[in-house]
Amino acid sequence: MDFNSDLTRSMVEPIILKLVSERPMYGYEIIKVVNERTNNAFQWKEGTIYPCLHRMEGTKVIRGEWRDGPTGRQRRYYAITRKGRALLKDKAVEWSAFALAVNTLLFGNSSATGALA
Amino acid sequence: MENTPGGESLPREQIEELLDNATAGLKDDPELQLDVRSELMSHLEAAEAELRDAGVAEDKLSEEALKKFGSPVELADDLVKANRARMKLRALARLTARAVMVPLAVLTAVWVYYNSSFLGFEFFEDSRGISYIYGSDNYFDSQLSEEELLIMHGDKTRKKWHEQQRAIWEAEPENKVYYGNYISNLFTSGIGEREGLTREFLETEYYRGMELDPDNARYHYLLANLWLDEACNYKDETDYSEKEPQAVYTLEILDQELFDQAVAEILKGIAKPQYKNYVYEMAKLRLQMLPPSRTLDELAAKIDAMAWITLPDLSRARQQFNIIFAYAKQLAEAGRKEEACKYLEIWYPFATQLNRDSFTLVEVLVASAICKKAEEEIPPIYIAMAMPERAEKARDQAHRLASTVTAWREENKAVRGTIGEYLRREGSLLTAYMLPAIINDFDKEDLTPSRELEQTVLERTMFSCLLALFMGAMVASILIALRWRFSSRAVSPMLLLPTPPEFIKILGLGVILPVAVFWFYTRVSGLAGREFSVGYLGLRFLLEMILLSLTILCLTGNLAASRLRSRCRDLQIPVPEPGRIKQRVLWILLGASWLSCFFLREKETSMQVFIITGILLGVFFLVFYLPDLLLHALLGRRVFTLKLYSSWTFNPILMSFIVIIASISLWPVVGWRNGFRQYEMGVYLYDLAIVLTFIIIMVLLTMIITSLVSRYLLCKKHKQLVGQRDYASYYGTAARSLIPIFAGAVILLSLLVTPYLRNREARLLAQDPIFTDIEEEVSVSNPEAETTRELREGINRIAAEIEVEKQGGPASP
């Protein structure tokens with residue numbers, strides 16, 4: 001399923017924050033994990049993740065660092081910062097409230113899954 | 001990028017094009033552009049590897065990977081937008097490093113060097129050290145007003161010294177002190193100084209003195225001395241080489257009338273209430289204009305000014321009384337008893353007059369010497385005239401007046417032989433030079449401030465040298481970066497700035513940690529031998545300072561290089577393997593040298609260790625380490641491999657060649673420097689420091705250049721052993737990126753260490769009980785002032801007792 005680009009763009013940052021909060025990851029790895037966990041529901045153009053990562057690094061929510069990757073090749077790994085964790089927490093709460101509000105409006109109750117079923 | 005694993009199957013041109021297009025907007029920040037490029041490249045390689053694992057055909061790999069990657073044009077826009085703020089910040093940081101840090105480092109280094117103590121160099125010139133401080137009486141000139149400058153030096157536009165001094169009096173014609181100072185300077189020897197000083201001229205000047213200062217005996221004595229020079233011929237033929245010399249002299253009167261006039265002037269002089277040469281008053285006036293000493297250089301300049309105070313009357317006074325004694329003897333032999341008795345009594349009022357006015361030890365000693373001579377020579381004359389009571393009385397008075405100094409000399413005799421050696425070992429150079437003739441009893445603790453003061457000055461000087469080393473490293477880095485700036489063989493050198501935490505780590509571990517450890521070692525540990533003088537263990541202290549300088553420079557350089565190496569790897573810039581063996585040898589040598597220092601407590605051993613360590617470290621640094629590093633950086637290649645080392649570096653022919661060329665190059669410099677020493681210019685000390693610095697630089701440069709040339713020739717001869725990889729980009733970038741780090745080290749050292757050392761110097765100077773500011777005492781040192789005061793007062797007390805006896809009072813015990 002193709003999602004509206006405006007909808008996905010606003011969620012890229014929280015998704016990246018969530019993933020790098022689990023462990024430091026490099027750009028390609030992030031895309032791979034997103035695809036795996038969403039069953040390829042998100043079809044990101046791979047190159048587009050880098051501007052986002054750089055922007056987030058600029059705002060100091062993540063920190064990039066060159067390290068040796070699993071194949072021996074150097075990779076730029078990104079890790080979440082303290083500021084990033086705080087932001088992730090805020091975003092998660094915000095999304096939760098937003099999803100609840102949208103579900104309530106669209107389906108009359110708070111369970112999207114039930115409505116879709 | 002050819003060494004990147006897994007990149008072979010992607011069409012290179014296509015990838016390069018994509019990466020160029022994607023990062024085109026970042027070209028103003030080459031480091032960021034390379035960084036992003038590397039990141040994108042690693043992404044494409046990972047994508048390709050995964051596609052291969054998924055069974056995609058090799059010829060489709062690149063196409064698929066690029067398709068998944070997306071449009072480079074859109075990406076380029078997004079990358080610029082995402083990095084805009086960061087690029088601005090980074091541009092500002094680079095501008096700060098280039099336009100602020102580097103000039104600031106140069107300015108602070110110049111400031112520190114300008115304010116550094118050249119006395120530090122002097123310590124190693126000669127263990128007497130301070131004896132070479134000449135002619136620095138203009139040290140404070142910049143701090144004085146026009147009026148003060150006139151009083152300090154006189155009118156320097158005038159040709160002769162005494163004319164310059166006359167100008168001070170001319171500005172205030174009623175001032176007796178200024179006139180006395182002018183008269184003292186009439187006796188200055190120098191080219192052309194004595195021209196025009198005719199008898200008539202001097203008579204006029206002395207008569208003016210009598211008119212201006214009618215209670216002062218001085219001008220009568222000077223006039224008498226002037227006339228005696230013409231009126232008689234006195235020859236002292238005593239053999240002073242004998243253990244107890246017997247006075248042998250002849251007096252031939254050439255002009256009896258003039259001689260009688262001279263003697264009459266002496267009689268007028270002894271009738272005056274006082275004798276004053278005003279040297280003390282003038283010296284005090286001048287020293288009070290000078291600011292309090294905050295550095296040893298300033299104190300030394302003041303001591304120098306004191307040391308140059310002339311006491312022209314003293315030699316004249318002794319000569320005058322030799323003549324008077326000889327004349328009285330002649331009169332006695334001629335049976336003219338009454339006249340003889342009159343002249344035999346002159347010594348007493350003169351000696352007491354001179355003693356009352358004295359403020360230096362030498363003046364008191366001359367006054368006492370006159371008494372001693374009177375004790376030996378007058379009684380036999382009275383006895384020859386059959387006047388034994390008078391003989392006994394004169395002997396008694398003279399003996400009692402001389403007894404104060406005699407007792408002091410006896411008291412000093414016990415320590416005089418050993419005190420000099422002791423002070424040289426545990427005192428300071430200043431105390432060892434100034435005190436052995438004066439001191440008879442002192443508190444050991446009193447020597448500490450002066451000793452530590454000189455150690456601090458040495459540290460300050462060596463820190464200036466360390467800054468110079470860093471500045472040299474900066475210049476070398478600039479030259480290497482420029483070497484590759486316009487080269488087609490390398491990417492233009494980038495400025496890779498460390499992040500603030502990295503910067504703090506490099507300077508913290510490279511600069512602050514060694515300085516802190518050194519501080520603990522020298523101030524707290526008790527292992528640093530700081531209870532010994534700079535003149536005694538100076539070579540050890542110098543070696544430690546050299547080791548500290550090398551440790552700081554190498555540690556900072558290595559930490560920075562290690563960080564740059566890693567960063568260049570991130571950016572896919574080919575990096576040579578570090579020379580691990582040389583690094584290990586370096587740290588082993590430095591560590592062993594430090595260890596060898598710790599327990600040195602003997603001057604001779606200190607010298608041996610200094611020479612051995614100096615040769616080892618010097619040869620290693622100047623023949624191997626530095627030339628290798630420079631050659632690699634300038635050629636952009638790994639030039640010397642281990643194989644080449646083992647085949648050629650230890651070749652005795654090459655080593656002999658280097659040593660011979662270095663020695664030949666140094667010969668004229670040493671010769672010139674020796675010639676310089678014999679030529680005493682005005683500010684000798686500074687000239688000497690400049691020459692020494694020049695020699696050190698010449699030694700370093702000669703060894704480096706000789707090694708460089710010989711190794712370059714060797715390298716050309718053995719091309720097959722020279723590394724083939726091109727590391728020009730790395731060396732250029734590393735050199736350029738090291739500049740702000742060295743600049744940071746210079747600023748940190750200047751702001752951290754120099755103020756601490758200057759404050760410590762000022763504090764120790766204030767604590768020093770031996771050389772406190774001499775403006776209060778008008779003396780070279782407190783012990784001298786104290787000794788002079790005690791002796792003078794002792795003689796005055798006895799003179800007062802004699803006066804009471806003369807007026808019929810009680811006899812002295």
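Okay, let's start with strand S3 of chain A, which is mostly covered: 7 of its 7 residues are buried. This is a predicted model, by the way, so keep that in mind as I go through it. Which residues sit on the two faces of S3(A)? On one side you have Gln74(A), Arg76(A), Tyr78(A) and Ile80(A), and on the other Arg75(A), Tyr77(A) and Ala79(A). Both of those faces are covered, and every residue I just named is buried.

So who are the neighbours? S3(A) belongs to an open sheet of 3 strands, in the order S1-S3-S2, with antiparallel pairing. The edge strands are S1, residues 25–26, and S2, and each of those pairs on one side only. As a quick reminder, strands of a sheet pair through backbone hydrogen bonds, either parallel or antiparallel.

Let's take the S2 side. S2(A) covers residues 62–68 and S3(A) covers residues 74–80, and 7 bridges join the two, running antiparallel. If you want to find the register on your screen, look for Ile62(A), whose bridge partner in S3(A) is Ile80(A). Then go to Glu65(A), which has Tyr77(A) as its bridge partner. The two strands form a hairpin, with 5 residues between them. In that turn, have a look at Gly72(A): its phi is positive, at about 95 degrees.

Now the S1 side. Here S1(A) and S3(A) pair over 2 bridges, again in the antiparallel sense. The residue to click on is Met25(A), which stands opposite Tyr78(A) in S3(A).

Let's zoom out to chain A as a whole. How many helices and strands does it have? There are 5 helices and 3 strands, and from the N terminus on, the elements run α-β-α-α-β-β-α-α. Chain A has 117 residues, and 40% of them count as buried. Looking at contacts with a separation of 6 or more, 43% are between residues 24 or more positions apart. The accessible surface of the chain is about 7,000 Å², with 55% of that belonging to carbon and sulfur atoms.

Next, the interface with chain B. Together the two chains bury about 2,100 Å², 52% of it on carbon and sulfur atoms. Over in chain B, the residues losing the most area to chain A are Glu39(B), His43(B) and Arg86(B), which together make up 27% of what that side buries. The contact involves 28 residues from chain B and 19 from chain A. There are also 5 salt bridges across this interface. One pair you can look up is Glu50(B) with Lys32(A), a salt bridge where the closest N and O atoms are 3.7 Å apart.

Last stop, still in chain B: a nonpolar patch on the surface, about 450 Å². The residues making it are Leu701(B), Ile705(B), Val709(B), Tyr712(B) and Leu713(B). Let me pick out Ile705(B), which lies in helix H27 of chain B, residues 684–717. Why does Ile705(B) count as partly exposed? Because its relative accessibility is 48%, and partly exposed is the class between buried, under 20%, and exposed, over 50%.

To recap the place where we began: S3(A) has S1 and S2 as its partners in the sheet order S1-S3-S2, and 7 of its 7 residues are buried. That's my tour, thanks for listening.

Notes: Residues numbered from 1 in each chain as written. Chains lettered and ligands numbered in written order. Predicted model: local features only at pLDDT ≥ 70, side-chain atom pairs only at ≥ 80, totals over all residues. Heavy atoms only, no water. Patch = residues over 30% accessible without salt bridge, like charges linked within 9 Å, V, L, I, M, F, W, Y side chains within 5 Å. Areas by Shrake-Rupley, 256 points an atom, 1.4 Å probe, with all protein chains shown as cover. Salt bridge = Lys/Arg side-chain N within 4 Å of Asp/Glu carboxyl O. Helix = DSSP H or I, 4+ residues; strand = E, 2+ residues; numbered from the N terminus. Buried < 20%, exposed > 50% of the residue type's maximum accessible area, 1.4 Å probe, protein only. Pairing = 2+ DSSP bridges. Contact = heavy atoms within 4.5 Å. Buried area = accessible area lost by both parts, 1.4 Å probe.
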